[in-house]
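Here is a short briefing on a protein–DNA model. The points are grouped by topic for use at the bench.

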There are 2 protein chains.
Amino acid sequence: MNTLSYGLLALLTANPLTGYELTQGIKPLWRAGHSQIYPLLQSMEEKGFIRHERIEQSDKPDKKIYTITEEGISVLQEWVRLPAEPAVLRDELHFKLYSLWLTEPDEAKALLQRRMEFNRSELQRYNLLIKANEALLDERGETRELKATTFGRYLLLQKRVMAMKASIEFCEWAIGELERSSPPPG
Amino acid sequence: MNTLSYGLLALLTANPLTGYELTQGIKPLWRAGHSQIYPLLQSMEEKGFIRHERIEQSDKPDKKIYTITEEGISVLQEWVRLPAEPAVLRDELHFKLYSLWLTEPDEAKALLQRRMEFNRSELQRYNLLIKANEALLDERGETRELKATTFGRYLLLQKRVMAMKASIEFCEWAIGELERSSPPPG
DNA sequence: GTTGCATATGTAAAAGTAGACATATAGATA
DNA sequence: TATCTATATGTCTACTTTTACATATGCAAC
């Protein structure tokens, strides 16, 4: 069982989902394509951690709705208690910043501006997810406490928001440093 | 040529380095082991982007000092100008936070505390690297401007520092939220 | 003494990831 | 009419990454 498998189990504790929905839903948490997810679902079903129900659809292709089993919850619980490995971050921008002296001022600025715009759109996306999670909290009549299923997601989404804000601040600051050192014509 | 190859070229623009030094030096920028780096150096030498000089040592194993070629600088420059792909972040903690309701309060707190301590040690490491970069700036008589080779590293290290600080702030905040919802005995 | 660490370079196997290929329907857009 | 997007599930290949294996010396700790 790799990390992604446990992630799929984690998503399935909230509600039963199809492979397609898992592919969409895991995006804010982990980068993975459907070609990774479908085989893992099959292997976890063989292990007895999840089971599926086939739903026939006339307008769209048939789908499989996966549900986590008691055993699945149990192995997930054991895993969650284990210390988390350090995060793995791979960012091309690190190398491009390191080599920034090889670029022209407008290219350097464009590099940072593109990243900033991407971060801003990500931030918006996370804010929407936070709203959806708040709605779910109300719907379930939960309060903000550890045993509420919406609580962990609340923490997680705040983590992403704080990281995105920090990244945007960096871009703004770095663009400022660039403009200070090589003022644009105007 | 993959991203890591360009990263190695980037490091080699600052000074000639051995494969071992590259393995150590790339750590703050990208996660990679020596088993990835040595084959890439061989392949880049075949392409003419770097060349090496063998240094015989009596007390330690012989080493190869790699230098970037004109052609290497040129391909790196072309690559740096291309837009940077979005960063890839894979953090187990995301899944563990999502499943936090499966844990006990002290386990949840320990999860965040361990991450916070790791982040703090990383922050210290980056602060040392910033000092070393400042020293290099002085040594070379450079000022903080784009064309100085220390400038990009200055930006990059600030990026890492800001990200680490944001992560530490998140951990502190999240531990606070946990304590609010399930106060510790005392 | 021996275990572990730093230096130094490599290879091999296994696991994980990305991108394309494959199929099928419905609806929107060009 | 053709292309694109969303839904829905799958496979296959190429590439990247991790972990272990392999060798060699000197030094410090136990």
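α3(B) lies across β2 and β3 of chain B, and runs at about 115° to β2(B). The model is a predicted one. Chain B superposes on chain A by a rotation of 180°, with 0.0 Å of shift along the axis. DNA strand C has 20 residues around it, and DNA strand D also has 20.

**Sheet and helices of chain B**

- Chain B has an open sheet of three strands, in the order β1-β3-β2, and the pairing is antiparallel.
- β1 (17–18) and β2 (50–55) of chain B are at the edges with a single partner strand each, so one side of each has no neighbour in the sheet.
- β2(B) and β3(B), residues 63–68, run antiparallel and are joined by six bridges.
- In this sheet, His52(B) stands opposite Tyr66(B) of β3(B).
- Helix α1 of chain B, residues 3–14, lies across β1, β2 and β3 of chain B. Its direction is at about 90° to β3(B).

**Sheet and helices of chain A**

- In chain A, three strands form an open sheet with antiparallel pairing, ordered β1-β3-β2.
- The edge strands of chain A are β1 (17–18) and β2 (50–55), and each of them pairs on one side only.
- Two bridges link β1(A) to β3(A), and these strands run antiparallel.
- Thr18(A) is opposite Ile65(A), a residue of β3(A).
- Helix α1 of chain A, residues 3–14, crosses β1, β2 and β3 of chain A, at about 90° to β3(A).
- α3(A) packs on the sheet and touches β2 and β3 of chain A. The direction of α3(A) makes about 115° with that of β2(A).

**How the two chains are related**

- Two copies of a chain are related by a rotation about an axis and a shift along it.
- Here the rotation is 180° and the shift is 0.0 Å, and chain B then fits chain A with an RMSD of 0.1 Å.
- The two copies are therefore related as by a two-fold rotation axis.
- In chain B, the C-alpha nearest this axis belongs to Leu89(B), at 2.2 Å.
- Both copies use the same surface: 100% of the contact residues of chain B recur in chain A.

**DNA strand D**

- Which residues come nearest to DNA strand D? Of the 20 around the strand, they are Tyr20(A), His34(A), Lys64(A), Asn2(B) and Ser35(B).
- Sugar or phosphate accounts for 63% of the atoms of DNA strand D within 4 Å of the protein, and bases for the rest.
- Tyr20(A) has a side-chain N or O atom 2.7 Å from a phosphate oxygen of DNA strand D.
- Gln57(A) also has a side-chain N or O atom by a phosphate oxygen of DNA strand D, at 3.2 Å.
- Gln42(A) places a polar side-chain atom 3.5 Å from a sugar or linking oxygen of DNA strand D.
- Four elements give two or more residues to the surface near DNA strand D: α2 (19–25), α3 (34–47) and β3 (63–68) of chain A, together with α3 (34–47) of chain B.
- α3(A) gives the most to this surface, with four residues.
- The surface near DNA strand D has nine polar, seven charged and four nonpolar residues.

**DNA strand C**

- The residues nearest to DNA strand C are Ser35(A), Gln36(A), Tyr20(B), His34(B) and Lys64(B), out of 20 around the strand.
- Of the atoms of DNA strand C within 4 Å of the protein, 65% are in sugar or phosphate, and the rest are in bases.
- His34(B) has a polar side-chain atom 2.7 Å from a base oxygen of DNA strand C.
- The side chain of Tyr38(B) has a polar atom 3.0 Å from a phosphate oxygen of DNA strand C.
- A side-chain N or O atom of Gln42(B) is 3.5 Å from a sugar or linking oxygen of DNA strand C.
- α3 of chain A, with α2 (19–25), α3 and β3 of chain B, are the elements that give two or more residues to the surface near DNA strand C.
- Which element gives the largest share of that surface? It is α3(B), with four residues.
- By class, the surface near DNA strand C divides into nine polar, seven charged and four nonpolar residues.

Methods. Residues are numbered from 1 along each chain as its sequence is written. Chains are lettered from A and ligands numbered from 1 in the order in which they are written. This is a predicted model: local features need pLDDT of at least 70, side-chain atom pairs count only at pLDDT 80 or more; totals for chains, interfaces and linings use all residues. Side-chain values use heavy atoms; hydrogens and water are left out. A residue is near a molecule or strand if one of its heavy atoms lies within 4 Å of it. A polar contact is a pair of N or O atoms within 3.5 Å; within protein, one must be able to donate a hydrogen and the other to accept it, and residues adjacent in sequence count only if both atoms are side-chain atoms. Ala, Val, Leu, Ile, Met, Phe, Trp, Tyr, Cys and Pro count as nonpolar, Asp, Glu, Lys and Arg as charged, and the others, Gly among them, as polar. Two strands pair if DSSP finds at least two bridges between them. Contact means heavy atoms within 4.5 Å. Axes are lines fitted to C-alpha atoms, for helices over the stretch in contact, and angles run from 0 to 180 degrees between N-to-C directions. Copies are superposed by least squares on the C-alpha atoms of residues with pLDDT of at least 70 in both.
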